[in-house]
Amino acid sequence: MQRLMAGYVRFVDRISDLVGYLAASLIFVMAATLILDAFTRNVIKMPVHWAIEFTQFTLAAYYFMGGSITLKNNDHVRMDLIYSHLTDRGRAIVEVVTSVCLLFFLVTLLMGGISSLEYAIATGERRFSVWNPSVIPIKSLMVACTVLMLLQGVSILFKNIAVLRGKTL
Amino acid sequence: MTYEMIALAMFGAMLFLLATGQRVFAVIGFVAAASALLLYGNGAIELPFNQVFKLFNWYAMLTLPMFIYMGYILSEAGIAEDLYRMLHVWFGRVRGGLAIGTIFLMVIISAMNGLSVAGMAIGATIALPEMLRRGYDKVLISGVVQGGSSLGILIPPSVVLVLYGMIARQPVSKLWFAGLVPGLIMAALFVIYIAVRARMNPSLAPVVPDEDLNMPLSEKLALARAGIIPFVIFFLMTGLFVFGFTSLVESSAVGAFSATLAAVVKGRFTWRLVRETSMKTLSISCMFLWLILAALAFGAVFDGLGAVKAIENLFITQWNLSPWTVIIMMQLSFLVMGTFLDDTAMLVIVAPLYIPLVKTLDLGFDGQLIWFGILYTITCQIAYITPPFGYNLFLMRSLAPKEITLIDIYRSIWPFAAIMVLTIVLLMFFPQLALWLPEHMNVKG
């Protein structure tokens with residue numbers, strides 16, 4: 001059991017890292033697209049009509065793909081007035097109990113995402129604009145990333161359980 | 001259960017869970033999702049996910065990662081050190097000159113950066129050690145750094161105002177221009193205060209000896225070059241925007257790009273810098289964006305309850321309070337909450353409750369929500385620097401040199417907090433201080 005949990009944690013953490021590195025590089029994609037748009041509009045007078053929507057999609061991909069590594073690295077803010085005074089064991093206990101919050105929110109997000117994706121596939125949903133892109137790719141990405149965040153949430157839960165047993169994974 | 005009771009229960013559950021130290025976004029998202037399901041049944045399962053597209057359509061949010069990236073690159077590029085050396089030589093002969101120079105440094109940093117943390121980090125690591133070495137009074141200078149860093153989110157660009165704009169549905173460009181004049185007034189008041197204190201008690205701020213400042217003119221001019229890079233960045237970013245060539249979001253990308261160029265020019269641009277900066281940018285941006293997503297879900301449920309109507313009814317009809325009394329009560333409650341909540345948690349709790357209420361108050365001028373955004377920003381800054389649990393106090397303690405104790409920091413902030421309160425009072429008497437500029441600026445985005 002111990003070995004299985006350790007393997008799971010290592011595997012999920014690795015995936016979170018890889019997806020996170022990919023997400024981190026998107027900042028350059030967004031900046032480049034915005035500058036390209038400003039340049040073509042002002043200098044060669046040929047606006048890039050897909051630029052704004054494309055950067056909006058990229059921003060959504062950015063924080064969904066980065067969601068899991070941010071969880072893993074514990075980079076989300078907490079109100080640590082009490083939390084920071086607890087022992088490692090105390091923190092692990094509180095974390096195990098309150099991880100219900102994280103998992104519940106992510107599950108509702110996932111269920112909402114799946115039903116929204118099903119709708120998009122059934123109706124061939126597109127955005128109303130000159131570019132008129134399909135929303136299926138971005139919604140699929142969001143659903144996939146939410147699944148990864150859930151897996152990461154479970155990985156964090158395993159780590160805390162291990163702390164309670166006096167082990168590290 | 002009445003709607004008021006449900007609203008109260010939601011708030012209570014949120015505060016309790018926040019106190020356990022669970023991630024703020026998870027707590028708020030959980031309370032929102034769970035109460036939506038309880039109130040509206042299974043049909044509400046899509047509520048959290050629908051907020052993704054609300055966020056999606058708020059185009060100005062793109063400035064957030066851009067400015068976070070820019071802030072990291074600038075602090076790594078060593079621009080602040082050069083600037084401080086320049087200000088040091090230029091203001092060295094004035095009484096209290098180094099402290100005044102520090103305020104100027106903070107203004108310049110604020111004009112290139114959207115977070116107050118960056119200003120504090122630069123002030124505590126570059127300006128503080130130098131002033132201590134020169135025999136400046138440690139209580140005075142610790143206040144200077146803390147007060148000065150609060151300019152960061154008031155002088156555009158400001159990340160906090162982007163978040164406020166999203167929730168209050170106000171254009172970010174107007175909010176930014178509204179923050180500029182109050183920010184400069186506050187900076188000017190800080191400078192006057194330092195100059196007066198230094199004149200009354202010269203031992204607080206010794207003059208830098210002449211031999212340190214005497215240098216050939218060519219060297220002085222070489223130092224002035226330090227001012228060129230910030231000026232170019234500022235012009236590219238804000239200039240192109242004000243003259244209508246770029247939109248708000250595009251100029252944030254121009255800012256990120258020119259900061260990167262500055263790092264290249266200074267020879268600090270390495271593969272390691274790119275990797276570390278982009279990873280830090282990702283984690284801070286994700287932290288903010290997930291929190292906003294959860295806050296939107298919370299706000300959506302909360303709006304549906306009509307809780308704001310109930311509070312309005314209580315304040316205006318039953319207690320018969322004037323709109324101005326309500327505004328002042330709000331500010332006082334920010335002060336109390338801000339001593340134990342941080343930036344982001346504040347915004348999330350305050351936004352769904354106060355912003356709709358401000359919209360309904362009749363204060364007798366236009367642009368109330370813009371004006372309120374500035375008031376809110378300053379009040380939060382006061383809360384973060386005041387004991388017992390000011391968020392910035394602990395940050396300052398961890399960044400400042402060892403000889404500055406927590407007690408020094410506590411004692412140092414009062415005059416600066418008083419100046420900030422004075423700025424708020426000025427804004428209440430003369431709302432046009434904030435509103436004139438955005439009304440007369442014609443900008444996109």
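Val232(B) is a residue of helix α13 of chain B, the helix that spans residues 228-242, and in this predicted model the residue is partly exposed, with a relative accessible area of 40%. Val232(B) also belongs to a nonpolar surface patch of about 640 Å², to which Ile228(B), Phe231(B), Phe235(B), Phe243(B) and Phe245(B) contribute as well. Since patches are made of residues with over 30% relative accessible area, the 40% of Val232(B) is compatible with membership.

Elsewhere in chain B, Ser142(B) offers a contrasting environment. Ser142(B) sits in helix α8, which covers residues 138-149 of chain B, and with a relative accessibility of 0% this serine counts as buried. When neighbours within four places in sequence are left aside, Ser142(B) is in contact with Leu128(B), and also with Met396(B), Ile404(B), Asp408(B), Ile409(B) and Ser412(B).

The interior can also be followed through its nonpolar residues. In soluble globular proteins, nonpolar side chains tend to be buried together. Here the largest nonpolar core holds 208 residues, and the members that touch the most others are Met61(B), Trp371(B) and Tyr376(B). Helix α15 of chain B, running over residues 271-305, gives this core its largest share, namely 17 residues.

From the core the path leads to the contact between the two chains. The size of an interface is often given as the accessible area lost when the parts come together. For chain A and chain B the buried area is about 5400 Å², of which 76% lies on carbon and sulfur atoms. Within the area that chain A buries against chain B, Tyr63(A), Met79(A) and Phe105(A) supply 15%, more than any other three residues. Counted by residues, 58 from chain A and 57 from chain B take part in the contact.

Charged pairs complete the picture. Over all chains the structure contains 14 salt bridges, and two salt bridges are found across the interface of chain A and chain B. One salt bridge joins the side chains of Asp13(A) and Lys159(A), with an N to O distance of 2.9 Å. Because Asp13(A) lies in helix α1 (residues 2-42) and Lys159(A) in helix α5 (residues 136-164) of chain A, this pair ties together parts that are 146 residues apart in sequence. The two partners differ in their burial, for Asp13(A) is buried at 13% relative accessible area, whereas Lys159(A) is partly exposed at 26%.

Glu95(A) takes part in two of these pairings. With Arg78(A) its side chain meets in a salt bridge of 2.7 Å, N to O; Glu95(A) lies in helix α4 (residues 88-123) of chain A and Arg78(A) in the loop between α2 (51-72) and α3 (80-83), 17 residues apart. Both partners are buried, Glu95(A) with a relative accessible area of 5% and Arg78(A) at 13%. Glu95(A) also forms a salt bridge with Arg23(B), where the closest N and O atoms are 3.7 Å apart. Arg23(B) lies in the loop between α1 (3-19) and α2 (24-40) of chain B, so this pair joins two chains, and at 2% relative accessibility Arg23(B) counts as buried.

A further network is built from salt bridges that share partners, and it joins Asp37(A), Arg41(A) and Glu250(B). Within this network, the side chains of Glu250(B) and Arg41(A) meet at 2.9 Å, N to O.

Key: Residues are numbered from 1 along each chain as its sequence is written. Chains are lettered from A and ligands numbered from 1 in the order in which they are written. This is a predicted model: local features need pLDDT of at least 70, side-chain atom pairs count only at pLDDT 80 or more; totals for chains, interfaces and linings use all residues. Side-chain values use heavy atoms; hydrogens and water are left out. A nonpolar core is a set of buried Ala, Val, Leu, Ile, Met, Phe, Trp, Tyr and Cys residues joined through side-chain atoms within 4.5 Å. Buried means under 20% relative accessible area, exposed over 50%, partly exposed in between (1.4 Å probe, protein chains only). Helices (H or I, at least four residues) and strands (E, at least two) are DSSP runs, numbered from the N terminus. Patches are made of residues with over 30% relative accessible area and no salt bridge: like charges are joined within 9 Å, nonpolar side chains (Val, Leu, Ile, Met, Phe, Trp, Tyr) within 5 Å. Accessible areas come from the Shrake-Rupley method with a 1.4 Å probe; for residues, only the protein chains shown count as cover. A salt bridge is a side-chain nitrogen of Lys or Arg within 4 Å of a carboxyl oxygen of Asp or Glu. Contact means heavy atoms within 4.5 Å. Buried area is the accessible area (1.4 Å probe) that two parts lose on being put together, summed over both.
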